[in-house]
Amino acid sequence: MKREDVKDYKKNIPDNNAGKNDVAEGDIRHSSGKKYKRPVRRKKQNIKSPLIIGLIFSALVLLVIVCSFGIDKVMNGNADSASADVVKKETDNASGDSQHESETSEEISKEDETKDETTIEETTQVQSTTAVNTSDDKDEYPGVKKVYLTFDDGPSSITSDILDVLDCYGVKATFFTVCNTSESAIQNMQRIVNSGHTIAIHSVSHKYSTVYASLDSFKKDVLDMQQFIYENTGYKTFFYRFPGGSSNTIAQCDIGECIQFLDEAGFEYFDWNVESGDATGNMIPKDTIVNNVLSSLGDRDEYMVLMHDAEPKKTTLEALPEIIEGIQSRGYQILPVTENTKPVHHRRKNN
Ligand code: ZN
């Protein structure tokens with residue numbers, strides 16, 4: 001009940017009684033028409049009226065005070081419980097956020113996607129999440145603990161050696177490639193496809209200032225690299241990885257718009273949830289790379305490992321056998337990215 005209603009309630013009590021008196025007097029005037037009755041009734045009223053009016057008035061005042069107090073108490077009680085609800089919700093949200101903060105980027109991105117549905121970008125993310133769930137339903141390896149080995153920035157002179165190691169263990173990986181027009185690089189691209197690995201798009205130039213200069217330049221970079229791969233391998237790939245990841249803070253253009261473009265054009269992008277650490281410099285000790293990967297494997301069913309097959313990353317090549325053996329000994333299957341792979345998406349830090 002609102003305070004305005006309380007005022008009306010207070011106002012109505014005396015008005016109703018006044019109305020009754022009016023009606024009673026009217027009845028007397030209009031229904032009786034007998035002159036001897038009117039003085040008698042008036043006399044009785046006159047004798048007791050000060051006392052009755054006083055009592056009625058006191059009772060009404062008391063009633064109004066009691067009602068007012070009671071209603072106020074109810075209203076305050078409701079307000080308190082409403083406040084408590086808000087506090088509880090805020091507390092729940094806070095604890096939920098902190099819980100998600102401690103989880104991997106994949107689940108963080110899910111939280112992120114469902115949190116802000118007001119912007120176009122976030123709406124696009126939600127749609128993308130739906131697609132991810134659909135992919136889950138089509139999982140060609142249900143119940144299998146999966147690790148995806150991914151190599152960025154090749155092909156280079158070490159790519160053929162990496163392919164040799166993968167062949168030796170009979171495992172397939174995914175290569176997010178850049179535009180290298182050398183004959184050996186193109187042969188490696190063809191070998192990647194012919195050997196059953198997955199070839200994917202990384203960038204033509206891999207120069208942030210060029211790729212992310214605008215949405216148009218981003219589109220051109222993606223489509224040109226797709227075309228380059230197609231012309232040299234006959235395979236049209238729709239798998240993509242952002243240079244620097246989708247969480248990079250370097251892009252001048254809106255990553256949300258880039259993602260919207262990818263989604264509408266039928267691409268899927270893949271970030272990672274395990275870092276080998278080989279991007280922090282060249283010649284990172286082999287054991288460090290091995291340990292970075294294997295120590296990241298926990299209870300999850302899916303890990304996507306970021307590695308590089310650019311020419312200087314020779315210790316990545318050296319680390320690869322121990323990485324593969326370590327992954328397999330922990331009960332994981334090493335698989336290439338396919339259209340049924342659940343993508344890992346980072347929480348976006350840009351826009
Ligand atoms: Zn890269």
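Which residues have the most contacts inside the largest nonpolar core? They are Ala200, Ile201, Met304 and Val305, in a core of 53 residues. In soluble globular proteins, nonpolar side chains tend to be buried together. The model is predicted.

## Overall make-up

The protein chain has 351 residues, of which 28% count as buried. Its secondary structure comes to 11 helices and eight strands. Among contacts with a separation of 6 or more, 78% join residues 24 or more positions apart.

Ala200 gives a view into the core. Leaving out residues up to four places away in sequence, Ala200 touches Thr174, Phe175, Phe176, Thr177, Thr237, Phe239, Tyr240, Arg241 and Val337.

## Strand 7

Met304 and Val305 bring us to strand 7, which spans residues 302-308. Seven of its seven residues are buried. In a regular strand the side chains alternate between the two faces of the sheet. In strand 7, Glu302, Met304, Leu306 and His308 point one way. Tyr303, Val305 and Met307 point the other way. Both sets are buried.

Strand 7 has parallel neighbours. With strand 1 it shares seven bridges. Leu149 stands opposite Val305 there. With strand 6, residues 274-275, strand 7 shares two bridges, again in parallel. Glu275 has Leu306 as its bridge partner. From strand 6 the chain passes through helix 10 to strand 7, a right-handed β-α-β crossover.

## Strand 1 and its partners

Strand 1 covers residues 146-152. It is largely enclosed by the rest of the structure, because six of its seven residues are buried. Besides strand 7, it pairs with strand 8 and strand 2. Two bridges link strand 1 to strand 8 in parallel, and Val147 has Ile334 as its bridge partner. Three bridges link strand 1 to strand 2, residues 174-178, also in parallel. Phe151 stands opposite Phe175 in that pairing. Strand 1, helix 5 and strand 2 form a right-handed β-α-β unit.

The loop between strand 1 and helix 5 has unusual backbone geometry to check. It holds Asp153 and Pro155. The peptide bond between Gly154 and Pro155 is cis, with omega about 0°. Asp153 has a positive phi near 75°, though it is not a glycine.

Is Asp153 buried or exposed? It is buried, because 23 other C-beta atoms lie within 10 Å and the cut-off is 20 or more.

Met283 offers a second case of positive phi outside glycine, near 60°. Met283 sits in the loop between strand 6 and helix 10. It counts as exposed, because 11 other C-beta atoms lie within 10 Å and the limit is 12 or fewer.

## Helix 11

Helix 11 runs over residues 314-329. Its 16 residues should span 22 Å at 1.5 Å a residue. The end C-alpha atoms are 24 Å apart, which agrees. The helix has a kink of about 40° at Leu320, shortly before the proline Pro321.

Which residues of helix 11 are buried? They are Thr315, Thr316, Ala319, Leu320, Ile323, Ile324 and Ile327. Leu320 thus appears both at the kink and in the buried set. The buried residues pack against strand 1, helix 5, helix 10, strand 7 and strand 8. Just after the helix, Gly331 takes a positive phi of about 90°.

## Helices 8 and 9

Asp216 lies in helix 8, residues 215-233. Glu257 is found in helix 9, residues 255-264. Asp216 counts as exposed because it has 10 C-beta neighbours inside 10 Å. Glu257 has 17, so it counts as partly exposed.

Each has a partner that is distant in sequence. The separations are tabulated here.

| Pair | Sequence separation | C-alpha to C-alpha distance |
|---|---|---|
| Asp216 and Cys258 | 42 residues | 9.2 Å |
| Glu257 and Phe218 | 39 residues | 9.9 Å |

Technical notes: Residues are numbered from 1 along each chain as its sequence is written. This is a predicted model: local features need pLDDT of at least 70, side-chain atom pairs count only at pLDDT 80 or more; totals for chains, interfaces and linings use all residues. Helices (H or I, at least four residues) and strands (E, at least two) are DSSP runs, numbered from the N terminus. The expected span of a helix is 1.5 Å times one less than its number of residues. The bend at a residue is the angle between axes fitted to the seven residues ending there and the seven starting there. Two residues are in contact if their C-beta atoms, placed from the backbone, lie within 7 Å. Two strands pair if DSSP finds at least two bridges between them. A crossover is right-handed if, with the strands pointing away from the viewer, the path from the first strand over the helix to the second runs clockwise. A nonpolar core is a set of buried Ala, Val, Leu, Ile, Met, Phe, Trp, Tyr and Cys residues joined through C-beta atoms within 7 Å.
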